[in-house]
Amino acid sequence: MSFVKEITAAFYALDHPENAYWMRGYMRDQYPFIGIKKPERTAVFKAIYKAHGRCEDWFEVCSELFTMPEREFQYAAMDYLLMAQKCWDKRLLELIDRWVDAQSWWDVVDVLGPKVLGAYFLRFPSERDAWIARWMASPVFWHQRLCILFQLGYKSKTDLVLLVQVILVLNTSKEFFIQKAIGWILRQYARTNANWVCEFVEENELMPLSKREALKHISHLPLANLGGLPKVRGSEDF
């Protein structure tokens, strides 16, 4: 039995309508759920992956899982993608692009950005700029959230020139999820260089939500003296 067939049977066997109702409500009725909570879903996934997952092509498995209606299968697709990290190739970017267009919401984008895209661009940096330019020009704002958040775990490896450029293009956005992402990435980078974040917020006009999120924990962080703000290219470069 293939991985997809086995995990489909296992997930449907765990159908829990009451859980599904509350999970669907939490996600604002965007997607149907089977009703499997994360610890149980993870345990089932790991057991089946150990038995079947390593023998199949990650792109085919992930593509098939992600097209299934219930959200648990889309989570399983992302779990499988992360397990297959050593095998990633250029198809990964096409997959992310398609998934964000098809099933855009924060629960998917916030895995694909920091955990998947962030790791991929560290391995294949030459592919980064063309895709960032493409997504910054996209009418789907979730693509822009990817561009903000893929560096979330980079710490000292953060490309500040690119980060500033992306933020300054998006900093007047009225979209909640863009404002929140700008604040999140700045708050996270403040753990590496709080002085830089303070200076950036002071020198640039951010939306109130972004500013508040950026400075939320700043007083509790050790300050670092790592220099001033980088020079940035104009927004027309996107």
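In this predicted model, the largest pocket comes out at a volume of about 680 Å³. Its lining is made up of 22 residues, and those sitting closest to the pocket centre are Lys38, Arg41, Tyr75, Asp107 and Val111. Sorted by class, the lining is a mix: 13 residues are nonpolar, eight are charged and one is polar. Several helices chip in here, with helix 2 (17-26), helix 3 (38-52), helix 5 (71-83) and helix 7 each supplying at least two lining residues. The top contributor to the pocket lining is helix 7, with six residues.

Asp107, one of the residues closest to the centre of that pocket, is worth a look of its own. Asp107 is part of helix 7, and its relative accessibility is just 8%, so it counts as buried, the cut-off being under 20%. Its side chain is not without polar partners. One polar contact, at 2.5 Å, links the side chains of Asp107 and Tyr75, and Tyr75 is itself on the list of residues closest to the pocket centre. Another polar contact, at 2.8 Å, runs from the Asp107 side chain to that of Arg71. Setting aside neighbours within four places in sequence, the contacts of Asp107 are Met27, Arg71, Tyr75 and Met78.

Then there is the nonpolar core. In soluble globular proteins, nonpolar side chains tend to be buried together. In this model the largest nonpolar core holds 82 residues, and Leu65, Leu81, Leu112, Phe121 and Leu186 have the most contacts inside it. Helix 7 (residues 106-123) shows up again, giving the most to this core with nine residues. Helix 7 is thus a shared element, giving the most both to the core and to the lining of the largest pocket. Among the well-connected core residues, Leu81 touches Trp58, Cys62, Trp88, Leu92, Leu95, Trp99, Leu112 and Val116, once residues up to four places away in sequence are left out.

Away from the pocket and core, a couple of backbone details turn up in loops. Most residues other than glycine have a negative phi. Asp29, however, has a positive phi near 60° without being a glycine. Asp29 sits in the loop between helix 2 and helix 3, and it counts as exposed because its relative accessibility is 57%, over the 50% cut-off. Lys155 also has a positive phi, of about 55°, and is not a glycine either. Lys155 is in the loop that runs between helix 9 (141-149) and helix 10 (160-170). With a relative accessibility of 57%, Lys155 counts as exposed.

Methods:
Residues are numbered from 1 along each chain as its sequence is written. This is a predicted model: local features need pLDDT of at least 70, side-chain atom pairs count only at pLDDT 80 or more; totals for chains, interfaces and linings use all residues. Side-chain values use heavy atoms; hydrogens and water are left out. A nonpolar core is a set of buried Ala, Val, Leu, Ile, Met, Phe, Trp, Tyr and Cys residues joined through side-chain atoms within 4.5 Å. Buried means under 20% relative accessible area, exposed over 50%, partly exposed in between (1.4 Å probe, protein chains only). Helices (H or I, at least four residues) and strands (E, at least two) are DSSP runs, numbered from the N terminus. Contact means heavy atoms within 4.5 Å. On a 1 Å grid over the protein atoms alone, a cavity is a set of points where a 1.4 Å probe fits but cannot get out, and a pocket is an open set with protein on both sides within 12 Å along at least five of seven lines; lining residues have an atom within 4 Å of a point. Grid points are joined across faces, edges and corners, and a volume is the space filled by probe spheres set on the points. Ala, Val, Leu, Ile, Met, Phe, Trp, Tyr, Cys and Pro count as nonpolar, Asp, Glu, Lys and Arg as charged, and the others, Gly among them, as polar. A polar contact is a pair of N or O atoms within 3.5 Å; within protein, one must be able to donate a hydrogen and the other to accept it, and residues adjacent in sequence count only if both atoms are side-chain atoms.
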